[in-house]
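Visitor: I should like to learn how to read the features of a protein model. Please take me through them one at a time.

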Amino acid sequence: METIEEKAKQIFDVHAIRADFPILSATVNGKPLVYFDNGATSQKPKLVIDSIVNYYSNTNSNIHRGVHHLSQLATDAYEVARSKVSHFINAKSSSEIVFTKGTTEAINLVAQTWGRNYLKPGDEIVVTAMEHHANIVPWQMVCEQTGAVLKVIPMDLNGELILEEAEKIIGLRTRMLAMMHVSNALGTINPVEKVMEMARKVGALILLDGAQAVPHFKVDVQALDCDFYVFSSHKMFGPSGVGILYGKERILAEIPPYQGGGDMIKTVTFEKTTYNDAPFKFEAGTPNIEGGIALGAAIDYINEMNHDEVLNYENSLLHYGTEALLNIDGVRIIGQAVQKVPVISFSIDGLHPYDVGFILDKQGIAVRTGHHCAQPVMDFFKVPGTIRASFAFYNTIEEIDSMISAIHLAKKMLK
Ligand code: C6P
């Protein structure tokens, strides 16, 4: 009988896809690069790189400001990219799409506009035990500013949320449920629908951190019916320095601006300023124009792929990698949820993650080691950090084999 890996290999031409990513043919320390740090940032297809070169070669100009030809071209291209993002996550309209620097800025924006203006002492913000610091610290800051209180839904040792506890924590004081769709440190795909239902019952707003979701599966914000959805371009094959805040039109219209400056205003006098409509009222100053446009190119690239095939293929990588790692003596996988994206965090008995990461690097293998900006997760699992292999659709079974050999080598060298 065919194994799941064999089946996936047949339907998915990974080598054709790899050819689209120039960096994947690089060597590191004399070895072929094996890039397993996609959770930190993904590599970029030529289409995205070309989009940036093309922008600076043919279009470069400021947007929303000039009547001249180039400014019109750049504005059109930027707004087309906004519309691509809107379709990508099935928003109702482009005006629900705010360009930010990244997921981090998008969460800070919501915390400092909605949170700072609407939270009262004793109001509660609910997050989960597995959040990235970007979805903890901005809320802690706004709690200090407003007297609101941060509550945490716990998880179990598989890295899955304890839903019975969520029922107890989400209550009439909850004003915001801010949770990750997918965990960067564990790979868990959270049952967001179930937790969101609890939040809706008590009239709380919902923000989902989709930074690790959008690179792996289709997200439909209307079907989810969340109030905010945030993610970063650089983790989904687009450039860095660009992120997205999706917000329901009604809410974006209501909440005040984030930063003040050019482009976010309608009129300015020394006595009074009136603000532009959303999304522009949240986009003060000249944005990362080429980055936004290149994110549009990344979306074009993703849209060309067959999502079911990608999902199957990535699952086969997860399945194969998990089995192979568990066959190594002393390996412990941190995060064994039933629903996972292809992210495997692990530790090796007696070895420090940094030392293993160092030896893997010498073999050309890029993994992330450390706390993955999720220190509470490391504390919960009582580890100083983990080694994290996070796969993308351009990774291969053979690359996983190389990592396994390099781990055996690391174990020998560090004994
Ligand atoms: N996680 C990782 O290696 P920015 O830096 O703003 O693009 O994304 C922040 C962020 C927010 N939420 C989640 C779930 C994330 O995974 C990240 C970024 C990277 O896991 C870098 S720390």
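Visitor: In this predicted model, which residue of S14 is the bridge partner of Arg332?

Guide: As a general idea, strands of a sheet pair through backbone hydrogen bonds, in either a parallel or an antiparallel sense. Here, Arg332 has Ser347 in S14 as its bridge partner. The pairing of S13 with strand S14 (residues 343–348) is antiparallel and extends over four bridges.

Visitor: In what order do the strands of the sheet follow one another?

Guide: The sheet is open and has four strands, in the order S13-S14-S17-S16, with antiparallel pairing. Strand S13 (331–334) and strand S16 (368–370) each have a single partner strand, so these two edge strands each leave one side without a neighbour in the sheet. On average, neighbouring strands are turned by 30 degrees against each other, direction ignored.

Visitor: Which helix lies across S13 and S14?

Guide: That is helix H12 (residues 307–326), which runs at about 5 degrees to S14.

Visitor: How should the nonpolar core be read, and which of its residues touch the most other members?

Guide: In soluble globular proteins, nonpolar side chains tend to be buried together. The largest nonpolar core in this model has 104 residues, and Leu177, Tyr229, Leu325 and Phe393 touch the most other members. Helix H15 (residues 397–414) supplies the largest share, seven residues. Because domain 1 (4–32 + 306–413) and domain 2 (49–303) both contribute residues, this core lies between them.

Visitor: Which residues does Tyr229 touch?

Guide: Not counting residues up to four places away in sequence, the contacts of Tyr229 include His181, Leu208, Val214, Ile244 and Tyr246. There is also a second, separate core of 27 residues, with Ala106, Val110, Ala278 and Phe282 among them.

Visitor: How is the interface between the two domains described, and how much area do they bury?

Guide: The size of an interface is often given as the accessible area lost when the parts come together. For domain 1 and domain 2 the buried area is about 2400 Å², 65% of it on carbon and sulfur atoms. Their centres, taken over C-alpha atoms, are separated by 28 Å. To the contact, domain 1 gives 33 residues and domain 2 gives 28 residues.

Visitor: Is Ala74 buried or exposed?

Guide: Ala74 counts as buried because its relative accessibility is 0%, and the cut-off for buried is under 20%. Ala74 belongs to helix H4 (residues 69–88). Leaving aside neighbours within four places in sequence, Ala74 is in contact with Tyr55, Thr59, Ser61, Ile63 and Ile293.

Technical notes
Residues numbered from 1 in each chain as written. Predicted model: local features only at pLDDT ≥ 70, side-chain atom pairs only at ≥ 80, totals over all residues. Heavy atoms only, no water. Core = buried A, V, L, I, M, F, W, Y, C linked by side-chain atoms within 4.5 Å. Buried < 20%, exposed > 50% of the residue type's maximum accessible area, 1.4 Å probe, protein only. Domains from an automatic or database assignment. Contact = heavy atoms within 4.5 Å. Pairing = 2+ DSSP bridges. Axes fitted to C-alpha atoms, helices over the stretch in contact; angles between N-to-C directions. Buried area = accessible area lost by both parts, 1.4 Å probe.
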